[in-house]
Amino acid sequence: MTQHNASAAPKYRAYTLNNIHTTPQFENLTAGQREALETVGRVLPFKTNGYVVDELINWDNIPDDPMFVLTFPQRDMLRDEHYRQMREALQHGEHSAEVEQTVQHIRGQLNPHPAGQMEHNVPEIYGQKLTGLQHKYRETVLFFPSNGQTCHAYCSFCFRWPQFVGDDAMKFAMRETSLLVDYLREHPEVTDVLITGGDPMIMSARNLKQYIEPLIEADLPNLQNIRIGTKSLSYWPYRYTTDKDAHEVLALFRRVKDSGIHLAIMGHFNHPVELETPAVEEAIERVLETGAQIRTQSPVMRNINDDPEVWAEMWRRQVSLGMIPYYMFVARDTGAQHYFSVPLVRAWDIYRNAIKQVTGIARTVRGPSMSTDPGKVQVLGAADVGGKQVLALSFLQGRNPDWVNRPFFAAYDEQATWLSDLRPAFGEEEFFYEPELRQMFEDDKRREGELALV
Ligand SMILES: *Cc1c(COP(=O)(O)O)cnc(C)c1O
Ligand code: SF4
């Protein structure tokens, strides 16, 4: 076991636009890069920390370094027009109302809640909306604890940024678990609670307990798995090693396991560099010692990891550290999508060329997968069917579970970056699930209307 840093406890220090200039590495940025950071960082939230800056970013490799691109907003993440508007506003004064208006205007055009997340998946109990929950796929409820709505650093591609930037209308989170427990009692079909954010592991052990212990104590016969979606292993591995309450966090994990509930850490890793430090090795080992498992996921993104060798390396390394590769996502249709997006055909090519070179035990990863309104849609690949070029698709998760694993076909399109760009392959009016999906949304709307009348 690595004993590195066992005595010296690194102290978490966040860097934002206000204090990033105090890091020695800031000297490495050209004037142009500083301007870009100060401009784009107004619109996309910017936050990094000492560990990311000192241990993950290779400062000899900027501006192309994947870890640099991952946490430092770049010039081209805003379209030219938006960048110009932002520059102009800033020239009229950093704190002017114009700056604030321009930020809001640009953000409004970046579609903060894709895939119908807000409108369609908020469950109800006692005639009341549970805004801190999402229930889209039968087995799994997402839970957004109100204390977990930030992260140890921000990913520049992240679609969750409205939650971080204090726009109350766009926030959805829950203060406690008791309504969740009630909901789980009324929904025996739910086996999984996925605690997500932001990053739930930003919370103190005390806060985490306040959410997780009631779930254990409720002794729900249907609750089999608690999952925690987190990037902390990558951005702040000391959460599990030298932080003051690290042992309390690990003890809580053990308690989940001892209660007979499986604990799955859904670890977010974008690049093999995140798996190289002694700190992350030790953190992974500590988490696994509690009996929890770690499953890994990441989007595929241009300028960060759009390379089969990077993915193959990442999966090999994950497996050798004892983790289970789980999902490869297609970057969502939001934020700086023009900067990060990879065409579906290319994403499939990366997946295929990565997976064919790794051991079978690393081929547990599924993808590339789009999280869309009807469900998680996997690109199975390009094929020739009766002389016609098509893309084969399949649901990994469906709003209707019966849609899962029924291959369907879209006309081949090399440029398409999302399901909405695709058309059925054989002259059909629409894909097989579309009439039913429409019906579901209409039913939702009617129910909404009735609720409002009560
Ligand atoms: C991905 C996702 C889940 C979890 O799906 P699994 O395939 O079980 O990992 C649950 N809810 C939503 C809304 C999701 O997007
Ligand atoms: S850690 Fe997760 S929630 Fe936080 S910025 Fe990155 S992707 Fe978004």
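Which two side chains meet in a salt bridge at 4.0 Å, N to O? They are those of R352 and D349. A salt bridge is counted when a side-chain nitrogen of Lys or Arg lies within 4 Å of a carboxyl oxygen of Asp or Glu.

The model is predicted, so local features need pLDDT of at least 70, side-chain atom pairs count only at pLDDT 80 or more, and totals for chains, interfaces and linings use all residues. Residues are numbered from 1 along each chain as its sequence is written, chains are lettered from A and ligands numbered from 1 in the order in which they are written, and side-chain values use heavy atoms, with hydrogens and water left out.

R352 and D349 share helix α15 (residues 344–355). Helices are DSSP runs of H or I with at least four residues, strands are runs of E with at least two, and both are numbered from the N terminus. Three residues separate the partners, about one turn of the helix. Both are partly exposed: R352 has 38% relative accessibility, and D349 has 27%. Here, buried means under 20% relative accessible area, exposed means over 50%, and partly exposed falls in between (1.4 Å probe, protein chains only).

Side chains of opposite charge can pair when their charged atoms come close. Across the whole structure, the search finds 20 salt bridges. One of them links distant parts of the chain: E281 belongs to helix α12 (residues 278–289) and R317 to helix α13 (residues 308–320), 36 residues apart. In this pair, the closest N and O atoms are 2.9 Å apart. E281 is partly exposed at 26%. R317 is buried, at 16%.

Another salt bridge joins D402 to R406, with 3.5 Å between the closest N and O atoms. D402 is exposed, at 53% relative accessibility. R406 is partly exposed, at 36%. Elsewhere, R75, D76 and D80 form one network through salt bridges that share partners.

Ligand 2 sits in the largest cavity. On a 1 Å grid over the protein atoms alone, a cavity is a set of points where a 1.4 Å probe fits but cannot get out. A molecule sits in it if more than half of its atoms lie within 2 Å of its grid points. The residues around ligand 2 are C151, Y154, C155, C158, R160, F164, G198, K231 and H268. Each such residue has a heavy atom within 4 Å of the molecule. By class, this shell holds five nonpolar, two polar and two charged residues. Ala, Val, Leu, Ile, Met, Phe, Trp, Tyr, Cys and Pro count as nonpolar, Asp, Glu, Lys and Arg as charged, and the others, Gly among them, as polar.

Two cysteines of the shell were examined for burial. C151 is buried, with a relative accessible area of 12%. C158 is also buried, at 15%. The structure has zero disulfides, a disulfide being a pair of cysteine sulfur atoms within 2.5 Å.

Two loop residues were also examined. F72 lies in the loop between α3 (66–71) and α4 (80–91). F72 is buried, with a relative accessible area of 2%. Its C-alpha atom is 8.1 Å from that of C155, although the two residues are 83 residues apart along the chain. N18 occupies the loop between β1 (14–15) and α1 (31–43). N18 is exposed, at 68%. The C-alpha atoms of N18 and E38 are separated by 9.7 Å, with their positions 20 residues apart along the chain.

Key: On a 1 Å grid over the protein atoms alone, a cavity is a set of points where a 1.4 Å probe fits but cannot get out, and a pocket is an open set with protein on both sides within 12 Å along at least five of seven lines; lining residues have an atom within 4 Å of a point.
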